[in-house]
Amino acid sequence: MATAPDSPFPDWHSFPILVTLDRLESKPEGLDPVQVQERLAHYGRNELQEMHQRSRWQILWDQFKNIMLLLLIAVAVISAITDLIQSLQEQRFIFPKDTVAILSIVILNGLLGYVQESKAEQALAALKKMSSSRVRVLRAGQVQEVNAPELVPGDVVLVEAGNRLPADGRWLVTANLQVREAALTGEALPVTKQADVVLPADTELGDRVNLGFMGTEVIQGRGTLVVTQTGMSTQLGKIAAAIQAVEVEPTPLQRRMDQLGKVLVVGALILVALVIVGGTLYQPSMFGALVQVSLSMAVAVVPEGLPAVVTITLALGTRRMMQRRALIRRLPAVETLGSVTVVCSDKTGTLTQNKMVAQAVGLPEIGLIQVTGTGYQPQGEFLQGDHPFAPQSHPDLMGFLLTGLLCNDAIWQQDQGEWVILGDPTEGALLPLAAKAGLTAGGQTLERVAEFPFSSERKRMSVVVSTDDQAVYSLLRGDFLLLCKGSPELTLECCDQVQRQGQVQDLTPAQRQEILEQNNTLASQGLRVLGLAYRALDALPPQPSAAGLEQGLIWLGLVGMLDAARPEAKLAVARCHMAGIRVVMITGDHQLTACTIAKDLGILRPGDEILTGRELEQLDPAELAARVGRVAVYARVSPEHKLHIVQALQKTSQVVSMTGDGVNDAPALKQADIGVAMGITGTDVSKEASDMILLDDNFATIVAAVEEGRVVYGNIRRFIRYILGSNIGEVLTIAAAPLIGLGGTPLSPLQILWMNLATDGIPALALAIEPGRAVVMHQPPKDPKESIFARGLGAYMVRVGIVLALVTIALMVWAYQYTNNTEIPGLDPRRWQTMVFTTLCISQMGHALAVRSDSRLLIELNPGSNPWIWWAVGLMTLAQVLIIYVPALRAFFNVFYLPPGELLICMAFSTLVFVWVELEKLVIRRLWPGRETEG
Ligand code: ATP
């Protein structure tokens, strides 16, 4: 067993590489599967324990800080006091039923909130885990991808720019490797790492350049690391920094709901004060009855069920998005998604499949050569016009292919009989291309001695290889060769010579022009084009740099690769346009490549503009903001341009979603209203900066998430209008009773709580899962600043509240007179209250059915599309009937037996609200034909 975490040799930086590997009982080609299993069992998973999480008690306690619950507690206390006073006056024990009921509801509500919140925290933690990084490891000589928690000491890990180091380790190979260790040392400047040094044992942590630490970020370059410590034994584990702390952030809507709660509570208190003070001044003997009325009003005004329904709806929304492959990292994103007005998307991999296949090669002397074959298969031919072209007889072509093969970090291998690429597909495409001419990586003896990895800013990559013979394929000459590939224009700028028929010649302006034209020809076919060049070096400078070596290059040729558009992307773009959302393509590729693909996908439409990174740099922020509304394609841009684009769009009041995958995309992702990272190809740093991760890297998934966001927001508005409409109806009914001279309150606090939580709350939950209708993607995005009551919602609530109250008051007046008619024997004079209670509850059932759609009648909807609403309405109606007919429930809710005839009268009155809402829809349709909206 290896000596790792609890080893007596913690000073890994003071050992040479071989000693380190020996101590860890590992090898450069990694551990074998048996060793991995043993070590996993011995050391446990490579995870940090979660810190800074709220304790269970803290979560529970937080529930009772809610102002609405505090109001209810106050009502419970006052209710207890009035019952006590009454007990004393009447000299008999009166059980404080309302108090007990209200306190039970308070406790239940608190517990429910607790369960929901801890569920939400668990779910977020689980989501975090799912988004936890995948790591490339070498095990038994094979490169594999595993989850970071599955790493063990002795594992050999391959990292590159954008990765967060998954464990502590000793570097075996470093290539231009820069790591930011701020997470550990607080030092923001990146540290250059070096594998081949051995340091004194007392070297400070920040200076241990041959070690890598968990949680630090690779900013640039590439490296191989053997894991020395995992999990809590790492440096980060020791200082127990909680980089994984889960944040449960309220969404803007939840914040607004909190505010609404406060407004309602203050409103309730004012109302109570007015009723008690005004009423008592008017008629002092009414004080007791007025207190009862005020308590009922206070309970009626507060929508007790609302916060729970909002939270559940948002949580269900994230679940549905997850099923559609969009992982939400921050809850507020669910809501913001519904307001997105511009979707900015990378091209490669998001709009296209990122399966590059080389289709053409352009050489200076020979011109364009087509390459046949499908996918990553090694079979294929080179054709010039219609004639076969033998690559082996053309040294220029062989040198060109060899350069593509060696200046390459991708791995091309067979997996269960199928050829696959690991690593960058742009580089991968060059491997089967070379194989079609008989060249493979295994056949090469040239050793890589230096490298300058690809970066989106330089748009090229170079390696230096040492050559033992003087000439490779009799054309690439020198002791060392610098091999370079990258964007053709930028690579050509570094060239002053060209290779033609095995000869190196000076590059004339006409030849330069010819190369650029070849590039344009390939790019305008929608191909991604790379330019290849090389240079011979007699010696390797002591400190090789890209700037120093990538100049005076010899141009070799171009390769054009096809990256087909995703078939579903075109439809998704069309859906965005229908939904009033602009789609913008942002790519590092050539403008002609971008333009062809953007036209094909429908992103670039007549009148739209294309802007290149260079042109963008010439514009000041105001000029960019003025143009940003017309630009549909940004080509040859670097990641930092993305930030300017987001800012300019936001300046013109757009709500921007922006995709990104690299380290340098992080600022733009943070700045965007919805930062979207790629689940498969995205770097850890970009994922951490994002609001949402696309599990399939697919553009269509963004559109699916936007649609879900709209549905969620629409459903929230739907049940808010439903619940608050009911509250308004209740308050008006209660207030009307003493005003029209009926003694006491028609509804007790207990009955109101039952209505708000059960008869309103349960159908509201069913409304929260109302499926989306196609029309949500036919209407423009909502204004993110709009109030939740905007677009007629507030007016609707008040209108329906008043209708509900009028219906109930009409019934109340009739029922009061009827039950107080002394000529009819056997009538309980308080039975009218039960009828009011029943009518209010059952009216809400009809309202729930009518409110399902904003513009369609209930009979026009598919009855099976939301079975839950039928269940909810059926169950709650049954419950209401049971309350009247089961003696124990009757006693508990303080209601009276209603003969079936009276129940039918209540039901008849109850249908009126349903009829009203349906009629409203018909009238609106008449007035504005063709206007169909939802949400
Ligand atoms: P998109 O936005 O469409 O996803 P991108 O921004 O990722 O594209 P980059 O990867 O930055 O684009 O590529 C920009 C250009 O750099 C490409 O057009 C290509 O010419 C060149 N290039 C891409 N990958 C490599 C690589 N691995 N080695 C050398 N050059 C590359």
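**Burial, cores and domains in a predicted model**

Reader: Let's start small. Is Gln501 buried or exposed?
Author: Take the relative accessible area, which comes to 60% for Gln501 in this predicted model. Exposed means over 50%. Because 60% is past that cut-off, Gln501 counts as exposed.

Reader: Which loop holds Gln501?
Author: The backbone here is a bit unusual: Gln501 has a positive phi of about 50° although it is not a glycine. As for its place in the chain, Gln501 sits in the loop between β21 (495–500) and β22 (503–506).

Reader: And Asn176, is it buried, exposed or partly exposed?
Author: Asn176 is another non-glycine residue with a positive phi, of about 55°, but it lies in strand β4 (residues 168–180). The relative accessible area of Asn176 is 33%. Buried needs under 20% and exposed over 50%, so a value in between counts as partly exposed. That makes Asn176 partly exposed.

Reader: Zooming out, how many helices and strands does the protein chain have?
Author: The C-alpha atoms fill a box of roughly 120 × 70 × 50 Å along the principal axes, and the chain runs to 935 residues. Within it there are 32 helices and 30 strands.

Reader: What percentage of the residues are buried?
Author: The accessible surface comes to about 39100 Å², with 59% of it belonging to carbon and sulfur atoms. Counting residues instead, and taking buried as under 20% relative accessible area, the share of the 935 residues that is buried is 54%.

Reader: How far apart are the centres of the positive and negative side chains?
Author: The chain carries 76 positive and 91 negative side chains. Take the centre of each set, and the two centres lie apart by 7 Å.

Reader: Which domain is assigned to residues 358–562?
Author: The chain is split into domain 1 (12–50 + 125–245), domain 2 (251–317 + 706–927), domain 3 (326–350 + 567–697) and one more. The stretch 358–562 is given to domain 4.

Reader: What is the distance between the C-alpha centres of domain 3 and domain 4?
Author: These two domains do touch: 15 residues of domain 3 are in contact with 16 residues of domain 4. Their C-alpha centres are separated by 31 Å.

Reader: Which helix gives the largest share of the largest nonpolar core?
Author: That core has 133 residues, and Leu306, Ile603, Met692, Phe699, Phe719 and Ile720 have the most contacts inside it. The largest share is 19 residues, and the helix spanning residues 699–739 that supplies them is α25.

Reader: From which domains does this core draw at least three residues each?
Author: One domain is made of 251–317 + 706–927, the other of 326–350 + 567–697. A second, separate core of 42 residues includes Ile366, Leu405, Leu430 and Leu446. For the largest core, the domains are domain 2 and domain 3.

Reader: Which residues does Phe719 contact, leaving aside neighbours within four places in sequence?
Author: Phe719 is among the residues with the most contacts inside the largest core. Here a contact means heavy atoms within 4.5 Å. By that test, the partners of Phe719 are Leu306, Val309, Val310, Thr313, Ala764, Leu767 and Ala768.

Reader: Which elements do the buried residues of α27 pack against?
Author: Helix α27 (residues 761–768) is mostly covered, with 6 of its 8 residues buried. Those are Gly761, Pro763, Ala764, Ala766, Leu767 and Ala768. They pack against α10 (306–323), α25, α26, α29 (831–850) and α30 (867–885).

Reader: Why is helix α26 described as largely enclosed by the rest of the structure?
Author: Just list its buried residues: Pro749, Leu750, Gln751, Ile752, Leu753, Met755, Asn756, Ala758 and Thr759. Helix α26 is largely enclosed because the buried share of its 11 residues is 9.

Reader: Which residues does Trp814 touch, not counting those up to four places away in sequence?
Author: Trp814 is found in helix α28 (residues 793–819). With a relative accessible area of 32%, Trp814 is partly exposed. The residues it touches are Met835 and Ile905.

Reader: Last one: is Pro621 buried or exposed?
Author: Pro621 is found in helix α21 (residues 621–627), and its C-alpha is 38 Å from that of Ile716. The relative accessible area of Pro621 is 53%. Since over 50% is the cut-off, Pro621 is exposed.

Notes
Residues are numbered from 1 along each chain as its sequence is written. This is a predicted model: local features need pLDDT of at least 70, side-chain atom pairs count only at pLDDT 80 or more; totals for chains, interfaces and linings use all residues. Side-chain values use heavy atoms; hydrogens and water are left out. Helices (H or I, at least four residues) and strands (E, at least two) are DSSP runs, numbered from the N terminus. Buried means under 20% relative accessible area, exposed over 50%, partly exposed in between (1.4 Å probe, protein chains only). Accessible areas come from the Shrake-Rupley method with a 1.4 Å probe; for residues, only the protein chains shown count as cover. Lys and Arg count as positive and Asp and Glu as negative; His and the chain ends are not counted. The place of a charge is taken as NZ of Lys, CZ of Arg, CG of Asp or CD of Glu. A nonpolar core is a set of buried Ala, Val, Leu, Ile, Met, Phe, Trp, Tyr and Cys residues joined through side-chain atoms within 4.5 Å. Domain bounds come from an automatic or database domain assignment.
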